[in-house]
Amino acid sequence: FVKKSTVCHLQQDARKLRLLTCFTCADSTWDSQTGILWSMTDARNTSSDICEATAYSLGKIWTPLRGRYDEDGAQHHCDIVEHFGANGAGNQQTAVRLMKGKGLDGLHGLFSNCHQVEIDVTHASIRLLKRPWHANE
């Protein structure tokens, strides 16, 4: 679904050596899909470690079990991310800014088309993604 999507929102949370990234993607007809993009254990919590874990996870997603790395699919995925949310911790906000920035290496500037960074201090986005039935309509 991501390959035909035109826009993507990522919501990332890192705590207790676990990195969880949820997504919502929509295509040109506004059909959307939401889910867990990747979950990684033993991820350290510095901002550069979060950047490295994100790039590593993207590489794993775009490498089929018996295939080669789909560079076009991965680049398209990075290009359509326009909104990135992370909790208010300094390391996670720094990681998002690094991944949004225009850097020379493969980690910085990963999501260079990202227009908005959300500071989710209360973890409300994660709560809604985990338990949507508790949200008021």
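Which residue of β4 does L10 stand opposite? I opened the notebook with that one, and the partner turned out to be F84. A reminder to myself before going on: this is a predicted model.

**Entry 1: the overall layout**

I listed the secondary structure and found four helices and five strands. Reading along the sequence, I wrote down the pattern β-β-β-α-α-β-α-β-α. I also looked up burial for the whole protein: 37% of its 137 residues count as buried. Then I turned to contacts with a separation of 6 or more, and 55% of them are between residues 24 or more positions apart.

**Entry 2: the sheet**

In what order do the five strands stand in the sheet? I read it as β3-β2-β1-β4-β5, an open sheet with mixed pairing. The edges are held by β3 (32–41) and β5 (116–120); each has a single partner strand, so one side of each is left without a neighbour in the sheet. From one strand to the next, I noted an average twist of 15°.

**Entry 3: the hairpin**

Next I followed β1 (residues 7–15) into β2 (residues 18–26). The two strands run antiparallel and are joined by nine bridges. I picked Q11 to check the register, and its bridge partner in β2 is C22. Two residues lie between the strands of this hairpin, and K16 there takes a positive phi near 50°. I marked K16 for my backbone notes, with that phi beside the name.

**Entry 4: around β4**

How many bridges pair β1 with β4? I counted five, in the parallel sense, with β4 covering residues 81–87. Besides the L10 and F84 match that I began with, I noted that C8 has V81 as its bridge partner and that H9 stands opposite H83.

I then went across to the other side of the pairing list. β4 also pairs with β5 in the parallel sense, again over five bridges. Here F84 came back: its bridge partner in β5 is V117. That puts F84 in my notes twice, opposite L10 and bridged to V117.

Is β4 mostly covered or mostly open? My entry says covered, since six of its seven residues are buried.

**Entry 5: helices on the sheet**

I looked at α1 (residues 47–61) and saw that this helix lies across β1, β2 and β3, running at about 120° to β3. Helix α2 (residues 71–80) packs on the sheet too, touching β1, β3 and β4, and its direction makes about 70° with that of β4.

Which residues of α2 are buried? I have G73, A74, H77, C78 and I80 on the page. The general rule helped me read that list: an α-helix has 3.6 residues a turn, so residues three or four places apart point the same way. I checked what the buried residues of α2 pack against, and the answer was β1, β3, α1 and β4.

**Entry 6: W38**

I stopped at W38 because tryptophans always catch my eye. W38 sits in strand β3. Is it buried or exposed? With a relative accessible area of 6%, W38 is buried, the cut-off being under 20%.

What does W38 touch, leaving out residues up to four places away in sequence? My list reads Q12, L19, L20, T21, T54, S57, L58 and I61. I took L19 for a distance check: its C-alpha atom is 8.0 Å from that of W38, and the two are 19 residues apart along the chain.

**Entry 7: the largest pocket**

Last, I looked for pockets. The largest has a volume of about 160 Å³. Of its 13 lining residues, I wrote down the closest to the centre: Y69, A74, Q75, C78 and L110. Which helix gives the most to this lining? It is α2, with five residues, while α1 and α2 each supply at least two.

I sorted the lining by chemistry as well: six nonpolar, five polar and two charged. Two names carried over from the helix entry: A74 and C78 are buried residues of α2, and both are among the residues closest to the pocket centre.

Note on methods: Residues are numbered from 1 along each chain as its sequence is written. This is a predicted model: local features need pLDDT of at least 70, side-chain atom pairs count only at pLDDT 80 or more; totals for chains, interfaces and linings use all residues. Side-chain values use heavy atoms; hydrogens and water are left out. Two strands pair if DSSP finds at least two bridges between them. Axes are lines fitted to C-alpha atoms, for helices over the stretch in contact, and angles run from 0 to 180 degrees between N-to-C directions. Contact means heavy atoms within 4.5 Å. On a 1 Å grid over the protein atoms alone, a cavity is a set of points where a 1.4 Å probe fits but cannot get out, and a pocket is an open set with protein on both sides within 12 Å along at least five of seven lines; lining residues have an atom within 4 Å of a point. Grid points are joined across faces, edges and corners, and a volume is the space filled by probe spheres set on the points. Ala, Val, Leu, Ile, Met, Phe, Trp, Tyr, Cys and Pro count as nonpolar, Asp, Glu, Lys and Arg as charged, and the others, Gly among them, as polar. Buried means under 20% relative accessible area, exposed over 50%, partly exposed in between (1.4 Å probe, protein chains only).
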